[in-house]
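Biologist: I am new to this structure and would like to go through it step by step. Please show it first.

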Amino acid sequence: MQSSQIVGVRKYVVYFLFIFLSGLLSAVDYFSNKTLSNFIPAQVSLISNFQIPDRLLQNEFSSLSSSRADLVAENIRLKEELYNLRVLYVENQELQDNIESYEILIKNISDFELTYYATSLILKNSTDEYLISGGRDYNFEPGDLVINEMGYVVGYLGEVFNDYSILESFNSTNFTFRALDENNNIFEINSNGKEIIFSSLEATLNSKVGMVYSDITFGHIDQFPIFDLEPYEQTRLNNKFTVVVPIKKMLTFQSKLFIPKNK
Amino acid sequence: MKVIKVISISTFLFLLCLIENYLNTFISLDFGVYIFLISLLYIGIELFNQNLVIPIFLAGILYDSFFSTYYLGLYTSIFLAVVVLSNFVISRYTRSNVIYISTISLCLLIYKIPIILEFDLDYWLTGYLNSIIVNSLIYFFLNRTLINNV
């Protein structure tokens, strides 16, 4: 009985050693300011070598089987022709979408001195952060703003790798952001995953809060709108405002995102 | 030969991890399909072996490096802890559906610990409970299929 208990504990020893090793790695990574965790991604361009099929991105699951069945029935020449036409069609659709989203963006932004890099969603990780295309290859840096086609801030880059970045959006665990309202009151923006909490850091005499913006005083590239707080319930305590806004929209593969950078 | 085996298992596990994240990006409902967690549970419950520690460790390191904003080693230790816990529970108690579901619940709790610690209960509780049901069903289905095949 006693020996079987010892065997029971002993079989986990290697696992515990590796858990301890993982803890050590975390500690080293913490003290080296993430040099260790950035080492492998700095050597490898993962996303450039990993292409997600366009059909999947467009959620055309239902048409997959039928189009495949049709293709099998066709002869080889027609197959190739059809395939080429499809590729062109998808490419054309993508370009049209890009033009449309750029047109909408142009209507909604005021600063044309910046370059707006189009980016798109790749996947969502276990902690509800989004991986988006573009990284050091476009000179993106941690903290760069990410805006949607309406010109509104949807988050900022948490980490930047060779060819992809991690977006800290309103519903990610690490989201924290500073912004100004129209009367230059400073707001701290946090998230609890389902709601965004806007808290003013200084006492204000204004009766209501309107639109809040990003600002160069916080290291942001320019002033971009974040949220219009006027329709939401505003709590005032010691002349400090707190506004809670429920998160309704999640990012999807169809979301058009842009990263403004200096030319 | 051993090195090739370790590399293949690590690559397979990392791919499962990637597929899991990709799958959950599509799912907009309040639950997740955690195929990588299920495979870790299967390793812990059915295939527990000290030789699997390095592939799991490597898959965790790759996940931490490429897809996580947390420090290197966090998800690695979570993956290893899931395997150890699932094996510990299963070898301590008589196998039954209740024990399986409890193991899946406990392991899912560990698996989602970064979100659980950061966010309030109302953010993750519904998704967590739904995920237990969905992933338990997947686990039972997988287990039965594999047993029947064997």
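Biologist: How many residues of chain A are in contact with chain B?

Modeller: This is a predicted model. Two residues count as in contact if their C-beta atoms lie within 7 Å. On that basis 33 residues of chain B are met, and the number from chain A is 35.

Biologist: Which element of chain A supplies the largest share of the side that touches chain B?

Modeller: Helix H2 (13-31), helix H3 (35-43), strand S2 (121-124) and strand S5 (153-160) of chain A each give at least two residues to that side. By class, the side has 15 nonpolar, 13 polar and seven charged residues. The largest share is ten residues, and the element that supplies it is H2(A).

Biologist: Which strands are the edge strands of the open sheet in chain A?

Modeller: The sheet has seven strands in the order S11-S10-S7-S8-S9-S13-S12 (chain A), and the pairing is antiparallel. From one strand to the next, the twist averages 30°. An edge strand here pairs on one side only, and that holds for strand S11 (225-228) and strand S12 (234-237) of chain A.

Biologist: Which residue in S10(A) stands opposite Leu180(A)?

Modeller: Strand S7 (residues 176-181) and strand S10 (residues 211-213) of chain A pair in the antiparallel sense over two bridges. Opposite Leu180(A), in S10(A), stands Tyr213(A).

Biologist: What percentage of the residues of chain A count as buried?

Modeller: A residue counts as buried if 20 or more other C-beta atoms lie within 10 Å of its own. Chain A has 263 residues, and the buried share is 30%.

Notes. Residues are numbered from 1 along each chain as its sequence is written. Chains are lettered from A and ligands numbered from 1 in the order in which they are written. This is a predicted model: local features need pLDDT of at least 70, side-chain atom pairs count only at pLDDT 80 or more; totals for chains, interfaces and linings use all residues. A residue is buried if 20 or more other C-beta atoms lie within 10 Å of its own, exposed if 12 or fewer, and partly exposed in between; C-beta atoms are placed from the backbone. Helices (H or I, at least four residues) and strands (E, at least two) are DSSP runs, numbered from the N terminus. Ala, Val, Leu, Ile, Met, Phe, Trp, Tyr, Cys and Pro count as nonpolar, Asp, Glu, Lys and Arg as charged, and the others, Gly among them, as polar. Two strands pair if DSSP finds at least two bridges between them. Axes are lines fitted to C-alpha atoms, for helices over the stretch in contact, and angles run from 0 to 180 degrees between N-to-C directions.
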